[in-house]
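Let's take a walk through this model together, starting with its aromatic rings and ending at a helix.

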Amino acid sequence: MKNFFILTKEDSESTRNFISTVTEFIRENGGDACTGTLLRKASSEALKVPENTDCILTIGGDGTMIRAAMRTISAKVPILGLNKGHIGYLCDLDDSNYKDALLRLFDNDYEVEERMLLSGRVISADGTPKSEFKHALNDIVLTSRSGLQVVHLNIDVNGERLSSFNGDGVIFATPTGSTAYNLSAGGPIVEPKTNLILMSPLNAHLVGQRSIVLDASAKIRATVTKRNQEELNSAVAFDGSISIGLNDGDSVEIVRSSETVRFIKLAQINFLDRIREKLQAD
């Protein structure tokens, strides 16, 4: 592995200087690197990856890594994250260990993990699609547009009614996303290499409504049902960025994506050790 595409969402002087340092180290060791910037504006537009790229190296936090993964899916190039943000569950590297990691990549001493994605699209009340399928590495979230009003949803799985939900919203998460919004909402943490779909309520009005683990093959349909004209419309967000408004009667179809994201794994630390480290548990 010699050819790297370095991506960051920041264009500060300190970031540019750090990228220059990383690039120089790569070239000193017989590799090559080119760089790109992810605009802060939310976009699902495919990002062109240079030919012969062996690895996409992101510099930032988990958000940068997710944004890069979503915009380079078609390239099918493995991704490695160098953490310059806050707590990160996805990024393996930081300032202290990236040189050793790059040397291992030069020697092809690494593993590649496949992570499942979710795909979702909006269907209008009359049955016509309002959007194309969009991918999510972490989660697809349905909430009120205001964030202060209750959202009412009928949720069907494989054509059968699962529940009628009243609350702040619902999170549909991948195993990778189990440590993101799903975790803060009280949902379970699961091994990221597994294949399943997590459904976690946000402040459900019924005490008995809890997170549910669904098979990865499940076909989910969540339909918005407004109770009165004063209620604001809802919205669906993909990985917390791209958002689509939902009107009364609109549905969101959610399925496992046919695409996957490939992450480079270097750390010897296992999943449970990493969770304990990140959560600062004893």
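A good place to begin is a cluster in which ring pairs link Phe18, Phe25 and Tyr98. Keep in mind as you look that the model is predicted. Both Phe18 and Tyr98 are buried. Phe18 also has a charged neighbour: Lys84 lies over the face of its ring, 4.4 Å from the ring centre.

Now for the ring pairs themselves. The model holds three aromatic pairs. In one of them, Phe4 and Phe106 meet edge-to-face, with 6.0 Å from centre to centre and 80° between the planes. Phe4 belongs to strand β1 and Phe106 to helix α3 (residues 98-106), so this pair ties together parts that lie 102 residues apart in sequence. Phe4 counts as buried, at 2% relative accessibility, and Phe106 is buried too, with a relative accessible area of 9%.

Back in the cluster, the ring centres of Phe18 and Tyr98 are 5.5 Å apart and their planes stand at 70°, so this pair is edge-to-face. Here again distant parts of the chain are linked: Phe18 sits in helix α1 (residues 13-28) and Tyr98 in helix α3, 80 residues apart.

Finally, turn to helix α2 (residues 62-71), which is mostly covered, with eight of its ten residues buried. Among the buried residues are Met65, Ile66, Ala68, Ala69 and Met70, but Asp62 and Arg71 are on the list as well. What covers them? The covering elements include the strands β1 (3-8), β3 (55-60), β4 (79-83), β5 (111-123), β6 (134-136) and β16 (251-265).

Definitions and conventions. Residues numbered from 1 in each chain as written. Predicted model: local features only at pLDDT ≥ 70, side-chain atom pairs only at ≥ 80, totals over all residues. Heavy atoms only, no water. Buried < 20%, exposed > 50% of the residue type's maximum accessible area, 1.4 Å probe, protein only. Helix = DSSP H or I, 4+ residues; strand = E, 2+ residues; numbered from the N terminus. Contact = heavy atoms within 4.5 Å. Phe/Tyr/Trp six-rings, centres within 6.5 Å; stacked < 30°, edge-to-face > 60°. Lys NZ or Arg CZ within 6 Å of the ring centre and 35° of its normal.
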